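I sat down today to look up a few things in this structure. These are my notes, in the order I went.

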Amino acid sequence: MISILKRDILLSVRSGTGFSLSLSFFLLMIIFAPLAIGPDDLLLKKIAPGILWLSALLSCLLSIDHIFQSDFEDGSLEALIIAPIPLESTILIKTFAHWVTSGLLIALIAPLIGVLYNFDFNSLLWIFLSLLVGTPGLSMIGVFGASLTIGLKKGGLLLPVLIMPFYTPTLIFGSQTIMRAVDGLEVTSTFLLMAGITALVIALMPFAATKAVKASLK
Amino acid sequence: MSFWKFSNPNNFMTLSEKILPIISVSTILTLTTGLYWGFFLTPEDYQQGNSVKIIFLHVPSALIAINTWFVMLVSSIIWLIRRHHVSALIAKAAAPIGITMTIIAIITGMIWGQQMWGTYWAWDPRLTSFFLLLMFYIGYQTLWSAVEKPDSAAELTSILCVVGTVFAVLSRYAVNFWSQGLHQGASLSLDKEEHIHNAFSNPLYICMAGFILLFLTLVILRTRTEILKRKIFILLDHKGR
């Protein structure tokens with residue numbers, strides 16, 4: 001299991017698709033949003049939680065279709081299916097590897113970027129926490145989506161169409177958490193709901209994804 | 001004699017051939033009655049005037065839009081458990097109807113909203129969740145058309161439908177957190193005192209029955225087409241489509 005984790009992380013670092021790409025995409029989004037909207041501090045601060053979450057979500061989507069594609073093409077996905085570890089845990093590990101190379105980095109970098117939008121310390125803390133807890137859910141949902149589109153020619157375009165609606169609850173609760181923190185309101189309810197969705201997704205989705213992987217390779 | 005014998009497409013075809021004329025005639029009769037009653041024989045509302053009559057299209061189409069997804073869910077589960085081919089095809093046949101009904105519900109709602117609320121669109125939980133429902137339908141439909149092998153397409157879309165249901169419900173309640181509503185609550189219920197007036201609800205029930213019949217007719221028709229298409233496909237030995 002650890003070797004799969006190592007392999008996936010190494011692959012994404014060395015091929016440069018996951019690691020640097022999703023992070024730089026995130027940074028670009030954050031920096032380009034004010035360029036599109038204008039340097040109005042108050043307005044920017046109001047919409048920044050939305051921008052942060054939307055960018056996290058899109059950069060997560062960007063790197064997700066590679067997760068099975070190269071394994072499918074070189075046949076190692078079949079080897080993973082017949083390997084002695086259950087496919088469910090392989091998928092969970094692959095999700096974790098994807099999260100480490102996208103969500104975790106985004107969560108770490110977001111508070112630093114948040115300084116550009118003049119957030120106070122409390123808001124920065126909740127930006128970090130909500131992204132840290134929310135992005136594993138995003139990765140898991142994305143992996144599920146990728147498992148439905150293995151081997152399809154239009155996979156790359158199809159994936160966002162399939163997956164975006166699934167991101168709704170996480171997106172709403174995640175950005176609401178930051179917005180409430182910015183307004184100085186109580187944040188635990190939305191935060192816990194978002195954490196609950198992440199937990200639910202991680203607990204159940206590997207099974208659905210396994211079924212989908214097996215169906216795609218039949 | 002069991003329900004499952006209709007998993008044989010031939011049994012389904014013979015049965016549906018008998019049902020189809022009856023059900024399509026009753027659809028036409030019910031819809032004509034309901035819509036005529038609704039549009040021409042009901043009084044004008046004292047606040048809303050004639051625009052209240054959009055209800056006779058808006059409510060039934062919204063009803064079908066939501067329930068089509070449940071039809072798809074049930075038939076997807078049946079496919080996943082029993083590998084019931086007709087069931088998978090019913091789910092496939094139902095999806096475009098669901099899309100159409102969702103669009104009808106959204107558009108009639110927008111026209112009504114312009115009259116009553118003074119705006120075509122508001123980011124209200126109900127309106128937004130309908131939009132999300134449309135997105136779920138479109139994703140489902142796209143997956144069906146993207147996967148080439150019919151059996152894996154059925155399998156993958158069934159999984160998507162089951163998981164999607166969970167997320168559709170989650171999203172429905174998540175949007176409540178995000179915005180306050182402009183849309184009214186339920187106006188029809190079986191157990192509550194509050195109710196819209198019988199002058200409106202009676203033709204409305206007929207319209208709803210008419211839409212349900214319309215849905216059934218279309219599903220049967222489309223499923224039959226799918227089965228015939230599948231047969232031609234096999235006859236052509238997978239060469240060309």
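My entries start with the ground rules and then go from chain A to chain B.

**Ground rules.** I am working with a predicted model, where local features need pLDDT of at least 70, side-chain atom pairs count only at pLDDT 80 or more, and totals for chains, interfaces and linings use all residues. Residues are numbered from 1 along each chain as its sequence is written, chains are lettered from A and ligands numbered from 1 in the order in which they are written, and side-chain values use heavy atoms, with hydrogens and water left out.

**Chain A overall.** I looked up the secondary structure and got eleven helices and zero strands for chain A. Helices (H or I, at least four residues) and strands (E, at least two) are DSSP runs, numbered from the N terminus. Next I checked the radius of gyration: chain A has 18 Å, which agrees with the value near 17 Å for a compact globule of 218 residues. That radius is taken over C-alpha atoms, and the globule rule is 2.2 Å times the number of residues to the power 0.38. Along its principal axes, the C-alpha trace of chain A spans about 55 × 35 × 30 Å.

I also asked for burial, and 51% of the 218 residues in chain A are buried. Buried means under 20% relative accessible area, exposed over 50%, and partly exposed in between (1.4 Å probe, protein chains only). For contacts in chain A between residues at least 6 apart in sequence, I noted that 79% join residues at least 24 apart; contact means heavy atoms within 4.5 Å.

**Two residues in chain A.** Is A:K94 buried or exposed? I found A:K94 in helix α6 (residues 87–101), and at 2% relative accessibility it counts as buried. Leaving aside neighbours within four places in sequence, A:K94 is in contact with A:R7, A:D8, A:I67, A:F68, A:D71 and A:L80. Then I turned to A:L112 in helix α7 (residues 103–114), which counts as exposed at 57% relative accessibility.

**Aromatic rings.** My search of the whole structure gave 13 aromatic pairs over all chains. I looked at one: the rings of A:F144 and A:F166 have centres 6.1 Å apart and planes at 50°, so the pair is tilted. Rings of Phe, Tyr and Trp (its six-membered ring) pair if their centres lie within 6.5 Å; planes under 30 degrees apart count as stacked, over 60 as edge-to-face and the rest as tilted. A:F144 sits in helix α8 (residues 121–148) and A:F166 in the loop between α9 (155–163) and α10 (168–182), 22 residues apart. Both A:F144 and A:F166 are buried. Ring pairs link these two with B:W69, B:F136, B:Y137, B:Y140 and B:F167 into a cluster.

**Chain B.** I put a ruler on helix α2 (residues 55–82) of chain B: 28 residues, reaching 40 Å from first C-alpha to last, close to the 40 Å expected at 1.5 Å a residue. The expected span is 1.5 Å times one less than the number of residues. After α2(B) I found B:R83, whose phi is positive, near 50°.

My last stop was B:T128 in helix α4 (residues 125–146) of chain B, which is buried with a relative accessible area of 9%. What does its side chain reach? I noted the backbone oxygen of B:D124 at 2.6 Å. Leaving aside neighbours within four places in sequence, B:T128 is in contact with B:W121, B:W123, B:V175 and B:W178.

Methods:
A polar contact is a pair of N or O atoms within 3.5 Å; within protein, one must be able to donate a hydrogen and the other to accept it, and residues adjacent in sequence count only if both atoms are side-chain atoms.
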